[in-house]
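Please open the structure in a viewer and keep the selection tool at hand. The tour below proceeds stop by stop.

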Amino acid sequence: MNLRDVENIIEAYPDPQGRLSVLFVSKRGLNYEAFNPTVSNEVQEKLMDIFLNTLRGFINEELTPSDFNPSGQETGTFSVCPQEYTGNFNEVIELFENVVQEELQVEDISFLIHRLRINNDNEDVKYLYLFRRNTKMKKLRKGFWLQKIRNEYDVLDSELIGVDNFIDAIAYEGEVAFFAHISAERIFNLREKFAENAQLVLEELRVFNVFDNFEEFVEDSLEDARVTRRLTKIHYNPAILQLFQANYENVPEVIEEFDLNINFDESSNKIIYGGREQLSDITMLIRDAYYKTVLANRKGVDDYNN
C-alpha cells in the first residue's frame, strides 16, 4: 500500500459530507456488535482533517511497508497484508449493514471504523476504511468535562468517545495496512486465522512422518498462540517446509550444536515429542531459525522472526 496514493484519494474528496460514516464496534471474543451513529457535518470535516494530518505524519516519518509478520513489526515500518489474510475482513465491514438498534455503552466499544466513499455519483460505490481502537479516557470517568462556549463553561457528559491523532489501520484496494501491530488482533479475529493456518502446516508435517507422539504435538501447538504465529509464517512461505524435509538429516547435528530441548531417536530417525516445554525449540528448528555467521562463525537465532 502506497501512503501517498491514500493521501491523494482522500484529498480528491475534500467535502466529506454524505461520504463519511462512522461505526462503533464492540468485540467480545469472536463476536461483534455495532452501532452506526449520526455524525454532524462539522465532525465529519474535523475527522477528515485528523486523518489527513495523521497520514501525512506517517509519510513524513518515511514509514516503509513490510509484509505482515505475526510476531510484530520493525521500527520505521508499517505492516501490509491482503484483506483475506485477516480471515474475517468482510464480516467486520458488513457490520455497517447489520447494526444494533440502540446505542452501545462507551465501555463496550472496542474500536471505531470510519468509512469514506471514494467514488463519484455516477460510479460504482467504493470505500476506504480507517480503523481506530476506542480511546476510553478512563482517567476522567469519575469527573466531568468542561467546554468553553463564548465566555461560559458548560458541563459535558463524562461518557465520551475519544478521537485522537492516530490511525491503527487503513483498508484500501484489497489490502490492510496496520500502523499499530497489536491492533490487528484487537480488530480482527487473527488468532482464529492463525490456528487455521497452523493446522494446515501440521497436516503437511504429518505426511513427513518424522515425529513420535505427533497428535500430542498438534494439540499443544494449536493451544499456543506463539506457536500458531510461527506456523502461520511457515504457511505463507511453504519453501520452509520443503527445506526442512530436504535437510532433515541435519536435525541431530543442529540439536547438538545449539543444545536444543529436543529428543531425537536415531534408531527410528524421529523427533520424540515430550511436552509443551519443547514446542519453542521444535518449531524454531522446523523454521530453520538457528544459524552460524560466515565471518566469525558465531551461532545465533533469528529472534525477530521467532
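Contact here means heavy atoms within 4.5 Å. The model is predicted.

**Stop 1: two packed helices**

Select helix H5 (residues 190-208) together with helix H7 (residues 225-235); the two pack at an angle of about 65°, and their axes are 8 Å apart. The crossing of H5 past H7 is left-handed. To display the contact, show the side chains of Arg-191, Phe-194, Ala-195, Asn-197, Ala-198, Leu-200, Val-201 and Leu-202 on H5. Their counterparts on H7 are Thr-228, Arg-229, Leu-231, Thr-232, Ile-234 and His-235. Coloured by type, the residues of this contact of H5 with H7 comprise 8 nonpolar, 4 polar and 2 charged.

**Stop 2: helices H6 and H10**

Next, select helix H6 (residues 214-222), where Phe-214, Phe-217, Val-218, Asp-220 and Ser-221 are the buried residues. These buried residues of H6 pack against H5, strand E11 (211-212), H7 and helix H10 (279-286). Just ahead of H6, in the loop that links E11 to H6, is Asn-213. Its phi is near 65°, a positive value in a residue other than glycine. Asn-213 counts as partly exposed, because its relative accessibility is 42%.

Move on to H10, which is largely enclosed by the rest of the structure because 7 of its 8 residues are buried. Among the buried residues of H10 are Asp-281 and Thr-283, along with Leu-279, Ile-282 and Met-284. Asp-288, which follows H10, has a positive phi near 55°.

**Stop 3: the sheet**

Now display the strands. An open sheet of 8 strands, with mixed pairing, runs in the order E2-E1-E5-E6-E9-E10-E4-E3. Its edge strands, each paired on one side only, are strand E2 (31-35) and strand E3 (64-67). Neighbouring strands in this sheet are turned against each other by 25° on average, direction ignored.

Within the sheet, begin at strand E6 (residues 127-133), which is antiparallel to strand E9 (residues 169-172) and joined to E9 by 3 bridges. Select Phe-131 and its bridge partner in E9, Ala-169. From E9, continue to E10, which runs antiparallel to E9 and is connected by 4 bridges. Here Ile-170 stands opposite Ala-177 in E10. E9 and E10 form a hairpin with 2 residues between them, and Glu-173 in the turn has a positive phi of about 55°. One step further, strand E4 (residues 77-82) pairs in the antiparallel sense with strand E10 (residues 175-178) over 4 bridges. Cys-81 has Val-176 in E10 as its bridge partner.

**Stop 4: a helix across the sheet**

Add helix H2 (residues 41-60) to the view. H2 lies across strand E1 (20-28), strand E5 (111-117), E6 and E9, and runs at about 75° to E1.

**Stop 5: two loop residues**

Select Asn-134, in the loop between E6 and strand E7 (145-149). Is Asn-134 buried or exposed? With a relative accessible area of 11%, Asn-134 is buried, since the cut-off for buried is under 20%. A polar atom of the Asn-134 side chain lies 3.1 Å from the backbone oxygen of Ile-109.

Finish at Asp-259, in the loop between helix H9 (251-257) and strand E12 (263-265). Although not a glycine, Asp-259 has a positive phi of about 50°. Asp-259 counts as exposed, because its relative accessibility is 68%.

How values were computed. Residues are numbered from 1 along each chain as its sequence is written. This is a predicted model: local features need pLDDT of at least 70, side-chain atom pairs count only at pLDDT 80 or more; totals for chains, interfaces and linings use all residues. Side-chain values use heavy atoms; hydrogens and water are left out. Axes are lines fitted to C-alpha atoms, for helices over the stretch in contact, and angles run from 0 to 180 degrees between N-to-C directions. A crossing is left-handed if the near helix is turned anticlockwise from the far one by less than a right angle, and right-handed if clockwise. Ala, Val, Leu, Ile, Met, Phe, Trp, Tyr, Cys and Pro count as nonpolar, Asp, Glu, Lys and Arg as charged, and the others, Gly among them, as polar. Two strands pair if DSSP finds at least two bridges between them. Buried means under 20% relative accessible area, exposed over 50%, partly exposed in between (1.4 Å probe, protein chains only). A polar contact is a pair of N or O atoms within 3.5 Å; within protein, one must be able to donate a hydrogen and the other to accept it, and residues adjacent in sequence count only if both atoms are side-chain atoms.
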